Amino acid sequence: MRNIAIIGGGAAGFFAAITAKTEEPEAVVTIFERAGRVLAKVGVSGGGRCNLTNSFAEIADLKTAYPRGAQLMKRLFKTFDYRDVYKWFEDRGVKLVTQADECVFPRSQDSQSIIDCLTHTAQKAGVSVCLHHALTSISKVEDSEQLEVRFKDKAPRRFDKVIITTGGSPRAAGLEYLVHLGHKIEQPVPSLFTFNIKEKAFCNLMGTVVEHASLSIPATKFRSTGALLITHWGLSGPATLKLSSYAARYLAEQDYKAQVAVNWVNERNVQIVEEQLMALALKNPKKQVATLRPFDLPSRLWEYLLQRSGIAETKRWEELGKKSLHKLIEVLTNDMHTIAGKGSFREEFVTCGGVSLKSINPNTLESKVCSGLYFAGEVLDIDAITGGFNLQAAWTTGRIAGKK
Ligand SMILES: Cc1cc2nc3c(=O)[nH]c(=O)nc-3n(C[C@H](O)[C@H](O)[C@H](O)COP(=O)(O)OP(=O)(O)OC[C@H]3O[C@@H](n4cnc5c(N)ncnc54)[C@H](O)[C@@H]3O)c2cc1C
């Protein structure tokens, strides 16, 4: 009778445990969770609604969703992808809805439906859960295929298979025991954060939303598009979170101090912007610039951008000289601000980095240096932008690691 341990009772851990017990009903499958309850992160995910996956309809290249791990996810999706996750939950009675933005939520709009489904399915399958078990280290038992797992303040235990699903952590120290076993660890750094912008006039625009904007970090390849939100501390919204994900490692290296260029109109072709402004000026020569907003920009933002362009609000469109027009185009399409730090609100925080994909077998997720040891979920060097992609990675990798 095989003895299987899953370390960490999160999304990946539950999927790994349920899969392992379903594939090997005679095996003893136990989830060991450090905390006093399981699935805490699923509970808070998606603002308590749990954005459990995505339709992937807007993802042409997986790299845009998974800045780390796209290649591996592509391979694993052949076995278990978003359609399988969707079906898995619906087959177990959780009705799902796909929003217009392609994000998938339980129809109840309550993450508890997902938690209940996972705990109930695990229990029914015969998976045991041991709370207050914090793994400290693992070693190979001499002259045996077994692994010995040590827990804080508990007696060590031996297993035939161990699946590590301890989630992300911005501290590499927690993964030291894996380094001792010979695994490579990609330095963990935060991803999915907002930007502090220390400019009073900018932050006074708090609450302003621009639906279609783009951001980039000058002299790098990092750019993102989407909605932008200005907050009292700086920049937030999907475009910001996406850029923080793409540039997670770069920004960490820069100590979160960098320039960010805002394209308020999400149009990189300045000629098109110029044509649109000229058309507006020709149609409304007598109107004051402040009263006629191009590109549907919110009025407070438009006033701010005029100020930044050095254009008086009372100026008429016909009075805009070439120089002012070009300055305005520059501000609309390449408005430079200074990132002064990382926002401290941990709204959608995930870890970039973790167990290197070079240390694992891409077909089974078994360690290349320690047989019988497997990995799934955010502990791996896989992370995604917001939209349900992170949980999808947890479900898929949990499923694969749990296989016989
Ligand atoms: C606020 C917030 C909202 C989010 N919303 C979404 C969303 O809507 N959609 C989405 O796709 N993603 C979302 N994410 C990301 C997503 O929740 C995670 O990527 C996902 O939960 C990772 O699953 P996991 O099982 O790998 O890790 P976790 O869910 O973090 O589970 C790891 C478990 O291991 C336990 N553990 C850790 N160390 C040990 C140890 N040494 N011994 C024993 N147990 C241990 C932890 O206590 C935890 O229970 C959100 C993240 C946050 C923080």
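User: Before we start, what makes a helix crossing left-handed?

Analyst: A crossing counts as left-handed if the near helix is turned anticlockwise from the far one by less than a right angle. Keep in mind that what you have here is a predicted model.

User: Okay, so which way do α1 and α6 cross?

Analyst: Their crossing is left-handed. Helix α6 covers residues 112–125, and α1 packs against α6 at an angle of about 25°, with the two axes 9 Å apart.

User: Is that roughly parallel or oblique?

Analyst: Angles under 35 degrees count as roughly parallel, so α1 is roughly parallel to α6.

User: And how do α1 and α14 cross?

Analyst: At roughly 30°, with their axes coming within 7 Å. These two helices are therefore roughly parallel to each other as well, but the crossing of α1 and α14 is right-handed.

User: What about α12 and α13, at what angle do they pack?

Analyst: About 125°, and their axes are 9 Å apart. Helix α12 is residues 299–308 and helix α13 is residues 322–333. That angle makes α12 and α13 oblique to each other. The crossing where α12 passes α13 is right-handed.

User: Switching to the ligand. Which residues come nearest?

Analyst: There are 32 residues around the ligand, and Glu-33, Gly-46, Asn-51, Glu-378 and Leu-391 come nearest.

User: What kinds of residues make up that shell, nonpolar, polar or charged?

Analyst: A mix: 12 nonpolar, 13 polar and seven charged.

User: How far is the polar side-chain atom of Glu-33 from the ligand's oxygen?

Analyst: That Glu-33 atom lies 2.6 Å from an oxygen atom of the ligand. With Gly-46, a polar backbone atom is 2.8 Å from a ligand oxygen. Gly-388 also has a polar backbone atom 3.4 Å from an oxygen atom of the ligand.

User: How much of the ligand's accessible area does the protein cover?

Analyst: On its own the ligand has 1,000 Å² of accessible area, and the protein covers 90% of that.

User: Which elements give two or more residues to the shell?

Analyst: Those are α1 (11–23), α2 (40–48) and α14 (389–402). You've already met two of them, since α1 and α14 are the pair that cross at roughly 30°.

How values were computed:
Residues are numbered from 1 along each chain as its sequence is written. This is a predicted model: local features need pLDDT of at least 70, side-chain atom pairs count only at pLDDT 80 or more; totals for chains, interfaces and linings use all residues. Side-chain values use heavy atoms; hydrogens and water are left out. A residue is near a molecule or strand if one of its heavy atoms lies within 4 Å of it. A polar contact is a pair of N or O atoms within 3.5 Å; within protein, one must be able to donate a hydrogen and the other to accept it, and residues adjacent in sequence count only if both atoms are side-chain atoms. Accessible areas come from the Shrake-Rupley method with a 1.4 Å probe; for residues, only the protein chains shown count as cover. Helices (H or I, at least four residues) and strands (E, at least two) are DSSP runs, numbered from the N terminus. Ala, Val, Leu, Ile, Met, Phe, Trp, Tyr, Cys and Pro count as nonpolar, Asp, Glu, Lys and Arg as charged, and the others, Gly among them, as polar. Axes are lines fitted to C-alpha atoms, for helices over the stretch in contact, and angles run from 0 to 180 degrees between N-to-C directions. Angles under 35 degrees count as roughly parallel, over 145 as roughly antiparallel, 65 to 115 as roughly perpendicular and the rest as oblique.
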